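Biologist: I'd like to go through the ring pairs and the cysteines with you. Can you show me what we're working with?

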Amino acid sequence: MGITQSLLMLLLFTSVNAAVGPAAVAHRAPSASLSDAQETLLNDAMRIMKPEMEAAQENSDLSLGVVQETAHKVLPPPLWKIFFEELPELMSKSNYKPEAQAEFESLPNFNWLEKLTLYYLPNTTNVSPECRRDVNAISAAIAKEDSWAQKMVDSWGKFSDGLLAGNTMQMGLLDECLLISVDSQDPDAHFRGQYCAVSIGMKPKSRQALEEGYDEEEEEEEEGVEVMIPELHIANMKGVLKMALPYNIMATCIPSTCTKEEYRTSLVDQLNNSGLTLSTLECQTKDLPTLRYNAADIIMIITLVVLGILVLVGTVADVWIQNSENREAAQGPLRYFIVFSFYTNLSKIFRINVKENEEVISCLHGIRALSMCWVVFAHSFLLSITASANKSLVTQMVAEHPYFYQIILNGYPSVDTFFVMSGLLVSYNVMKEYQRTSRFNAPLYYIHRFIRLAPPIMLLCGFFAVFPPLFVQGSVSPIMTTKGNMVDNCIKYWWRDSFFLSNVFIGQKDGQTCLPVCWYTAVDFQLYIITPLMLLPIVCFRRPRAIVFVSWLLISVIVPMSIIAGYQLPPTNVMDTTLQALGDSMKYVYTKPWCRASPYLAGIGLGYFLRVVDKEKVQLKWWQAVLGWIAALATMSAVVFGLKDYNTLTMKPHEYVPAISILYGGLHRLAWGVAVAWMIYACHMGYGGPINSLLGHPIWQPLSRLTYPIFLIALNVQTIYYSYYSRLPIYFTPFYKLMETAGILLISSFGGVLLSLLAESPVLGLEKLLLRKPTTSTTTTTTIIKFT
């Protein structure tokens with residue numbers, strides 16, 4: 001029997017029988033007769049499938065073996081045995097004649113419905129009387145063809161299209177289930193719909209049996225096991241399964257009178273006999289959770305109320321002062337409230353300055369905005385693969401368009417671009433202040449950075465610790481509050497993000513954080529702390545400055561090389577590697593400041609050069625500028641596309657060449673940083689041409705100002721969308737990802753504006769009022785380092 005024909009037959013029977021009585025059979029309720037249309041459909045299906053079944057019987061040793069092999073590797077685990085072992089065998093042996101209802105019910109192949117339904121409803125053996133009453137009422141209602149019972153069965157997750165493409169997300173219909181209420185419709189049933197999402201795992205022995213023998217050449221000899229398209233070998237079936245099967249959902253709708261634990265006990269009993277385990281079970285009703293009014297809730301509510309009052313008072317005072325032109329009031333106590341003004345701060349965010357200023361590196365606006373879009377775009381691709389309905393076809397997409405997908409799968413240099421800009425701006429501003437005062441204000445240097453970065457993180461951690469459960473309702477949304485997920489992490493570990501320590505805990509058993517992107521802010525802050533140690537010797541000691549700077553660069557290259565060689569790690573985060581190697585790479589290299597210093601140092605060097613060099617004395621000829629651009633673009637292309645063979649998504653670990661891993665791992669971030677530094681230098685010094693016209697266009701300025709809050713918000717919004725709020729499988733295509741990215745950016749931008757108005761702009765305004773007052777040599781109260 002062909003795989004396609006088998007699936008078609010089973011899907012036809014599933015669609016018919018799910019509507020006419022699996023629960024009735026399972027719970028021994030009277031059966032309803034088939035409608036004429038259903039009986040006609042059933043007869044037609046059997047007439048079409050009969051030759052296939054006869055052929056399967058004649059070639060059972062070969063055909064059924066292939067079907068079984070494929071079924072065990074592709075279908076959602078609970079139903080492998082039912083659909084591809086028991087049911088085909090019974091149907092092929094029976095003489096199916098559905099002319100009469102009595103004969104239909106007496107056939108042995110009808111027993112599979114009883115087994116199937118026990119996955120959708122609790123077993124009534126050990127449940128409360130209310131649960132038993134309502135489960136039995138469902139059976140009776142299906143027999144009577146009551147609409148509410150049909151809707152309940154209709155909301156169950158069933159086999160849909162694309163099983164062999166990796167569609168293991170049978171989510172049913174959440175809203176249809178939650179809207180069911182039978183209190184006023186059936187005197188024998190009193191419950192509301194309760195949606196339950198089930199995820200099935202494999203016991204260690206079963207998982208080991210699946211993963212053993214992972215040999216591509218051996219698999220190619222097994223007929224029907226590998227997935228093929230013309231002139232392209234996609235992946236063997238076991239590779240597909242390793243990506244698809246761990247991410248499965250089988251949803252159902254049960255009475256609200258049955259508890260989650262009752263359903264869990266029933267499911268575990270069913271799964272134990274099949275070598276399977278229950279990975280996840282989350283149930284929910286229509287009512288969303290309410291505020292718990294614990295310490296976190298109260299603190300967050302008070303904080304938002306206070307900030308709201310300050311914004312309101314500041315806005316009213318600001319508008320009154322501007323309309324009355326009362327300059328004295330603007331310099332009085334009201335100035336401490338005006339920094340919260342919605343009116344002024346919003347205009348600052350969206351102000352577009354078209355005047356040219358030599359002190360402003362205008363191309364940074366475009367680079368910052370586009371890099372942010374790159375980060376969000378890559379996250380959209382990577383986060384949605386496991387939740388998509390065509391997981392196994394993603395490999396085909398990567399194989400057909402390898403260079404496009406390297407921009408996504410190897411999009412990590414986008415973060416290095418931010419390190420370059422961070423080092424550049426720190427160096428540029430420190431040198432600017434030194435040239436003006438010949439001093440370095442150490443306390444203000446560190447205080448400014450902390451209050452620039454920390455308040456938005458703190459406010460955002462509080463928001464995600466309290467409010468998402470109040471408005472997010474999806475297939476597995478209750479999991480948000482469980483251990484190791486968003487709400488729980490924000491309550492427990494907000495301090496790791498707020499005080500720039502989150503990267504220290506990555507790789508540990510309890511290494512979670514509230515805002516996963518804050519590993520970057522932690523690394524950036526830690527590099528910021530030691531920047532004076534890297535920059536001040538260059539400023540103070542003019543002669544050996546080149547030696548000092550080159551020494552720092554060598555250290556930033558040698559350290560990651562040594563770590564990669566010592567732990568035998570891949571060159572960077574790649575897809576074709578083991579989870580252990582990927583975790584070690586994140587733990588020891590990707591999130592550590594001593595391994596991410598190269599692009600930061602490139603930015604420091606550029607900032608220093610732009611401040612001390614005489615622009616008139618450094619004039620490049622046209623061919624020198626062209627060569628510089630060619631070298632920079634070639635370097636960036638090599639960094640992004642150089643690991644194409646390591647990012648194929650075949651789920652087969654790549655055999656790494658140690659020399660390549662060491663050289664690429666140690667040098668690619670420095671190479672990228674130097675290339676980006678050249679781009680900034682060329683644009684700022686007048687050698688950018690159309691590239692500078694694009695990157696330096698004033699239209700980028702508002703989005704550039706919102707980059708930091710968008711960066712903090714976007715990944716959590718994507719997690720909510722793809723993981724917690726998801727109600728249906730997502731089909732994976734580049735166009736859909738582009739549309740989703742645009743939506744995520746829009747939502748994150750709105751959130752970024754609010755975050756900036758509440759926590760970013762006011763704090764910076766207060767800093768200017770309180771910490772940046774004019775000082776003289778006789779009244780200075782802060783520690784001043786004077787350069788000699």
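What follows is a chat about why certain contacts get the labels they do.

Modeller: Keep in mind that this is a predicted model. It holds 33 aromatic pairs, so pick one.

Biologist: Why is the pair of Tyr 445 and Tyr 528 called stacked?

Modeller: Stacked needs planes under 30 degrees apart, with centres within 6.5 Å. For Tyr 445 and Tyr 528 the values are 5° and 4.2 Å, so the label fits. Tyr 445 sits in helix α23 and Tyr 528 in helix α27, 83 residues apart. Both tyrosines are buried.

Biologist: And what makes Trp 495 and Phe 505 edge-to-face?

Modeller: The angle between their planes is 90° and the cut-off is over 60, so edge-to-face it is. Their centres are 5.6 Å apart. Trp 495 belongs to helix α25 and Phe 505 to helix α26, so the pair ties together parts 10 residues apart in sequence.

Biologist: Why is Trp 495 called partly exposed, and why is Phe 505 called buried?

Modeller: Buried means under 20% relative accessible area, and exposed means over 50%. Trp 495 has 31%, so it falls in between. Phe 505 has 17%, so it counts as buried.

Biologist: How do you know that Cys 177 and Cys 253 form a disulfide?

Modeller: The sulfurs have to be within 2.5 Å, and these are at 2.1 Å, so the pair qualifies. The link is right-handed, with 85° about the S-S bond. Cys 177 is in helix α10 and Cys 253 in strand β5, 76 residues apart. Cys 177 has 0% relative accessibility and counts as buried; Cys 253 is buried at 0% too.

Biologist: What makes the disulfide of Cys 490 and Cys 514 right-handed?

Modeller: The torsion about its S-S bond is about 75°, so it gets that label. The sulfur atoms are 1.9 Å apart. Cys 490 lies in helix α25, while Cys 514 is in the loop between α26 and α27.

Biologist: How many disulfides are there in the structure?

Modeller: Four. Number the bonded cysteines in sequence order and the pairing reads 1-5, 2-4, 3-6, 7-8.

Biologist: Why is there no bond between Cys 363 and Cys 683?

Modeller: The sulfur of Cys 363 has its closest cysteine sulfur in Cys 683, at 4.6 Å, and that's too far for a bond because the limit is 2.5 Å. Both ends are buried: Cys 363 has a relative accessible area of 1%, and Cys 683 is at 4%.

Methods: Residues numbered from 1 in each chain as written. Predicted model: local features only at pLDDT ≥ 70, side-chain atom pairs only at ≥ 80, totals over all residues. Heavy atoms only, no water. Phe/Tyr/Trp six-rings, centres within 6.5 Å; stacked < 30°, edge-to-face > 60°. Helix = DSSP H or I, 4+ residues; strand = E, 2+ residues; numbered from the N terminus. Buried < 20%, exposed > 50% of the residue type's maximum accessible area, 1.4 Å probe, protein only.
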